[in-house]
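Student: Could we go through this one together? I'd like to see how the terms fit what's on screen.

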Amino acid sequence: MTSVGQALKRKEDPRMITGRGYYTEDIQLPGMLYAVIVRSPEAHATITSIDTSAAKERDGVVAVYTGEDLAGDFAGPLPMVWAPPGVEINTPEHWPLKRGEVKHVGDPVAVVVATSRTAAFDAADDVIVDYDPKPVVVDPEQALEDGSPLVWDSFGTNKTHEWAVAGGDFEAAEAEAEVTVEARYVNHRTSGAPIEPRCSVAEARAEKLTLYSTTQIPHIARFVLSGMLGIAEDKLRVVAPDVGGGFGAKLQVYAEEALVLALAKRLGRPVKWTETRSEHMTTSHHGRDQISYVTLTAKRDGTVTGCRARIIADLGAYQQLLTPFIPTLGFPVMGGCYAIPSIDLHFTGVFTNKMPTDAIRGAGRPEATYWIELTMDKLARELGMDPLELRRKNFVRKEQFPFETALGIVYDSGDYHGSLDRLLENFDLDEFRSEQAGLREQGIHRGVGFSTYVEVCGLAPSRAVGPQGVGLQAAFYESANVRVTPTGSAIVYSGISPHGQGLDTSFAQIAGDILGIDPQNVEILHGDTDQGAWGWDTYGSRSLSVGGEALARAARKVQDKAKRICAALLEAAPEDIELTDGKYQVKGSPDKSMTMAEISGAAHIPPAELPADIEPGLEESSFYDPENFVFPFGAHACVVDVDAETGKVSVVRYVAVDDCGPAINPMLIDGQVHGGITHAIGQALYEQVVYDEDGQLVTGTFVDYALPTAAEVPGFETDRTETPSPTNSLGVKGIGEAGTIAATPAVTAAVMDALQPLGVLWLDMPLTPVRVYEAIQAAQGNGAGPPSSQQGVRLDEHGRGSAGSGPTAPDEGGAS
Amino acid sequence: MITAPFDYETPETLDEAVRMLHENGEDAKLLAGGHSLLPLMKLRLAAPTLLVDLRLVPGLHHIQRENGSWRIGALARHADLQDTPELGVASAAAKQIADQQVRNRGTIGGSLAHGDPASDLPAVLVALEGEVSAQGRNGLRTIPAGELFQDYLTTALAHDEVITEVRLPATDGWGYGYEKFTRRAEDWAMVGVCALVKKGADGSCEDVRVGLTNMGSTPLRATAAEQALRGGSLDGDSIASAAEHAAEGTDPPGDLNATPDYKRHLARVLTRRALVAAAQA
Ligand SMILES: Cc1cc2nc3c(=O)[nH]c(=O)nc-3n(C[C@H](O)[C@H](O)[C@H](O)COP(=O)(O)OP(=O)(O)OC[C@H]3O[C@@H](n4cnc5c(N)ncnc54)[C@H](O)[C@@H]3O)c2cc1C
């Protein structure tokens, strides 16, 4: 029986759920010191003085350093790695500790190192920093206006860059359009908020530095950090132990990682830094924060002829690893599932006095999907057409794949009509509409929203996104090394770096089937730059379609060698050996067979019969660079109830049909879909990073940053279609971000459907009770004030920034 | 996330606890369930140098009925109230506090002493016209609900006074409802309303109480709404028009999730809903 396709329980779970995981914070090294960072409470200011003398006198304090003190410890600043040809991106120098000026609340200005974390905390309070405040700008559109305060005087503008991509003739489409719809969308700022905050431990042994860190990208981190520290790469090892979720927030090289390395090197003792939750909310990068102006042009019969988007992306105060690139990452799917002959996209990046944005789950694609789906709904209203009919009319048809979009992107495979049909088999729309009508008579406002999405993942064909393509200064192949031990277990080294997805299990299933070994005896190792081959880590739903393919290729090489050994020992031709039910047997002679353990035993302790031209050992590697991205797709339906009196929205039903190619492990897929949808329900209804107009972060704790809990989401109904990708031999696509990408428009559309009889036509996320209530009031002519809880709000003096009394410490970046 | 340094004592008698508080001045704080105090300390918004933990002090855990009133020890947990449905609205409100972990730790004494208008039990105490006993240097005194809450996080308790007991009148013959409006199931109240209705023999409203959570710097009584309903009919229209008065005289602060106007609107809606529930019971 093959293991692939089975809902194998997660191999990693027993240790995780019994408290035996090994996380960075669990690491205790002899003589370890603890670092605590002193951060700016100002959003924009000149540092006029720093007095560290009182802190230095504290018990247990080993050292206190400012940016000046460590100026010589770094060979270079924190890098940004996107350099598209012909595009200039304003990129300020970004040092781990700030000298001169601070640019956002939480900007690091000093570090205290002590023999205990508590001593370091106490001493950090005694570092006295004087600031001379400067004008602050938090709203990206205001930041682009003449006369706005400048985040960086030296650039003379808050504009970071512009980037455009187009295909087909949008101007002609616009001139000839029978119908045009336009809309403005705000995709607000969110946080990754993994359950494990960040933590980094650095150790120096003679010349060799080791960094243990809560990172999704140990390989990239070594590459970047060795450069920053001015040391050769062989002198730095980066290890990602168990990592408790990332959601993109750990796809970064952070100041604190560079700092602990510099401190360990300087002090000759291990140094640990652990983030508090409020620090996470303040200084782990944020995501989204885009405003999009979208135009769709169409014929009266519903044929969409053109799509234009003008996108303003709030990048915050610095350029981090991928900051300016992320808003554009959605561009390949900005026409959605639709065959649109002309697409015209333009991006403007903006500095504001806020934490930089970067990749958060979906990274650019949730924003793209949100606006194309909701604009399709708007177009349907304009045409008086059923929105699903409009979609069907414009879907790329099954027989058109591989389909080249107007932008020259090739969608690998798909069946968008089939996916929507499957959704409607699970969700009876006629029944819903009659139920809805009945409920409306009772004053219950129920609505349904749909989202039919395609996303792009499997990062990535190096030629497409590397220096020769989109301009990322990296490559995106993946590697694997497969070793079978003398007694027939397998050890797999992979260049990916999973952090909660369940890849230890799905990879063991793939390798186990190819090798003829029980997946329970396949150990997947990753996340250590001193083990295995070079890899490019885990993000962008790439691990299975790129890393899994590399693994399958390496495992097949091992299988080939095993067959050769088996053939030699059973006196048969290698072509005649087949692997069935875990046995390598001679075709047609089931009595002549060997297990992998027997073959591997012979490979490691060669018997006399083994021909000398077969090398000992049983181990192979593979490097795989995909030729194209993969394009998962699906169709989601969300049902909500809106309490029209209070504005409160409840999600009462959610049906998802996703297609990520053949299922390696359906249970893992469901888990990713559940989490992804929850993430998006969070953005649509609950979560928002809010800065007030002085640049103070209002949402510094989980009291104010409202992550949904199990009580806020319904039981999910999931189903799948399976359309293999021709890009890799497993046919797999990706599923880690699909739910997040698909669900915000479905939830928003459902709320709009519920509110439609009340006259509310549009509302930006998050659809909080007060916003919904005020929109209903305005629609009914009861004139409510401006929309609440927007970026840059002025909270009154009581603005405790919470629904109740969640405390937020000013020195941790909360509201003061 | 790490508190400033502090000392920790576990007195075994009430007198000892009071003495420790007294001798150490304003920098000493009582510790009950710790679920309001410790978060403030971890965020360094509070930095007491001594914590006087009440956990070994006997006689503070009871919930018992005596002569038409409930006597509840200061250390009774929210979970204990939750598990005593005979308490009526106090039990119903306790059940809606945060999540089970918080309810397993938090105490009624701590909740009232903390004086947070967003907490659920203060409005219940005010609506029920209950009282607390407080032990200080000069013995035991009784503080009626109406005098206990003075301002945001400020009560009539002296810093060296310990709430020992909370007394709530039994509400036989009253119907009740506690309506709490939150963004997420386990959040603090944006607004909460505690309503009690006593029906006369003819079904009219013999008496009524409405307490408001998070509508000002202290828990409040919606007296205008009470007056509008008292003595009148309990039909839907009467309740609805009485509830329209629920926010009169309130000046709630706006916050991230609500404007003052929206809170006043919620108070009216929730008062109506709580009164309907109370009148149905
Ligand atoms: C995540 C979270 C969510 C919460 N949500 C809610 C909610 O929705 N609704 C709600 O009502 N509460 C909520 N709370 C607060 C919780 O109910 C607290 O437990 C309660 O408010 C305080 O009780 P405590 O026993 O924990 O007091 P402590 O934290 O121990 O003490 C609080 C204060 O009271 C003083 N004190 C304690 N006992 C006495 C006494 N006997 N006499 C005099 N002074 C005393 C202390 O010195 C301190 O100043 C929440 C708490 C958390 C952590």
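Tutor: Sure! Helix 6 of chain B gives the most to the shell around the ligand, with four residues. This is a predicted model, where local features need pLDDT of at least 70, side-chain atom pairs count only at pLDDT 80 or more, and totals for chains, interfaces and linings use all residues. Residues are numbered from 1 along each chain as its sequence is written, chains are lettered from A and ligands numbered from 1 in the order written, and side-chain values use heavy atoms, leaving out hydrogens and water.

Student: What makes a stretch a helix here?

Tutor: A helix is a DSSP run of H or I, at least four residues, and a strand is a run of E, at least two, numbered from the N terminus. Helix 6 covers 108-114 of chain B, so it qualifies as a helix.

Student: How do you know that B:Gly34 makes a polar contact with the ligand?

Tutor: Such a contact is a pair of N or O atoms within 3.5 Å. A backbone N or O atom of B:Gly34 lies 2.7 Å from an oxygen atom of the ligand, so the pair counts. For B:Ile163, a backbone N or O atom lies 2.8 Å from a nitrogen atom of the ligand.

Student: Why are strand 19 and strand 20 of chain A called a pair?

Tutor: Two strands pair if DSSP finds at least two bridges between them. These strands have five bridges, in the antiparallel sense, so they pair. A:Val482 stands opposite A:Val492 in strand 20 of chain A.

How values were computed. Polar contact = N/O pair within 3.5 Å; in protein donor to acceptor, adjacent residues only side chain to side chain.
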